Amino acid sequence: MNNYFLNNGDGIYSENSTNNLIKGNIFDNIGFRGMILIESKVNTISYNDILSSDSVGIQLSAHSSGNHVHHNFISENSGSNIAIFGNDNLIEFNDLTFSRDGISMDFNSDASNNIIRYNNIFFNDLYGVTLED
């Protein structure tokens with residue numbers, strides 16, 4: 001909590017993690033992703049600022065499930081603010097601006113049963129929410 005990440009490849013890389021809280025951090029000018037969760041379950045990502053990554057702000061990779069992403073400010077990323085490849089995640093109350101897409105979800109992975117609600121998604125280059133096969 002309360003860390004400042006500047007000019008890193010990935011701000012946070014988390015693999016096979018469970019029941020973690022990632023809260024109150026600032027990610028700025030990240031070389032790849034603000035954070036990525038791989039096969040990680042039941043984590044909470046909240047109240048973070050993720051700005052200017054060269055890829056996505058937050059990526060929930062395949063087999064990442066039951067995560068709660070809320071109250072984050074994510075902006076100015078080259079890719080999506082939030083990219084979802086996992087299932088049963090709750091994405092709510094985030095401010096998602098000035099990136100390629102607000103939220104992208106890939107159904108070619110195991111992305112299913114995700115809930116996306118109550119987000120402020122505006123001024124993105126392509127789409128607010130993208131659902132892809």
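How many of the residues of β14 are buried? In this predicted model, the count is 5 of 6, which leaves the strand mostly covered. The paragraphs below place β14 in its sheet, after an account of the overall fold.

The protein contains 17 strands and 0 helices. Its radius of gyration is 13 Å, close to the 14 Å that the globule rule gives for 133 residues, so the protein is as compact as a globular protein of that length. Along the principal axes, the C-alpha atoms fill a box of roughly 35 × 30 × 25 Å. Of the 133 residues, 48% are buried. The exposed surface comes to about 6200 Å². Carbon and sulfur atoms supply 48% of that area. Contacts were also sorted by sequence separation. Among those between residues at least 6 apart in sequence, 46% join residues at least 24 apart.

One open sheet has 6 strands in the order β1-β4-β7-β10-β13-β16. Its pairing is parallel. Strands β1 (4–6) and β16 (120–122) stand at the edges. Each has a single partner strand, so one side of each is left without a neighbour in the sheet. The twist from one strand to the next averages 5°. At the β1 edge, 3 bridges join β1 to β4 (residues 26–28), and the two strands run parallel. Within this pair, L6 stands opposite D28 of β4.

Another open sheet, also of 6 strands, follows the order β2-β5-β8-β11-β14-β17. Here too the pairing is parallel. The edges are β2 (12–15) and β17 (127–132). Each of these has a single partner strand, so one side of each lacks a neighbour in the sheet. Neighbouring strands of this sheet are turned by 10° against each other on average, direction ignored.

Strand β14 (residues 101–106) lies between β11 and β17 in this order. On one side, β14 pairs with β11 (residues 80–84) in the parallel sense over 4 bridges. Two facing positions illustrate the register. I82 stands opposite I103 in β14, and I84 stands opposite M105 in β14. β14 also pairs with β17, again in the parallel sense, over 5 bridges. In that pair, S104 stands opposite T130 of β17. In general, strands of a sheet pair through backbone hydrogen bonds, either parallel or antiparallel. In a regular strand, side chains alternate between the two faces of the sheet.

A loop residue was examined as well. N72 sits in the loop between β9 (68–70) and β10 (73–75). Is N72 buried or exposed? With a relative accessible area of 2%, N72 is buried, because the cut-off for burial is under 20%. The side chain of N72 has polar partners in the backbone. One of its polar atoms lies 3.3 Å from the backbone nitrogen of Y47. The backbone oxygen of H70 lies 3.1 Å from a polar atom of the N72 side chain. Neighbours within four places in sequence aside, N72 is in contact with I45, S46, Y47, N48 and I58, and also with F93, N94 and D95. Y47 thus appears both among these contacts and as a polar partner through its backbone nitrogen. The strand that follows the loop, β10, belongs to the sheet that has β1 and β16 at its edges.

Definitions and conventions
Residues numbered from 1 in each chain as written. Predicted model: local features only at pLDDT ≥ 70, side-chain atom pairs only at ≥ 80, totals over all residues. Heavy atoms only, no water. Pairing = 2+ DSSP bridges. Axes fitted to C-alpha atoms, helices over the stretch in contact; angles between N-to-C directions. Rg over C-alpha atoms; globule rule 2.2 N^0.38 Å. Buried < 20%, exposed > 50% of the residue type's maximum accessible area, 1.4 Å probe, protein only. Contact = heavy atoms within 4.5 Å. Areas by Shrake-Rupley, 256 points an atom, 1.4 Å probe, with all protein chains shown as cover. Polar contact = N/O pair within 3.5 Å; in protein donor to acceptor, adjacent residues only side chain to side chain.
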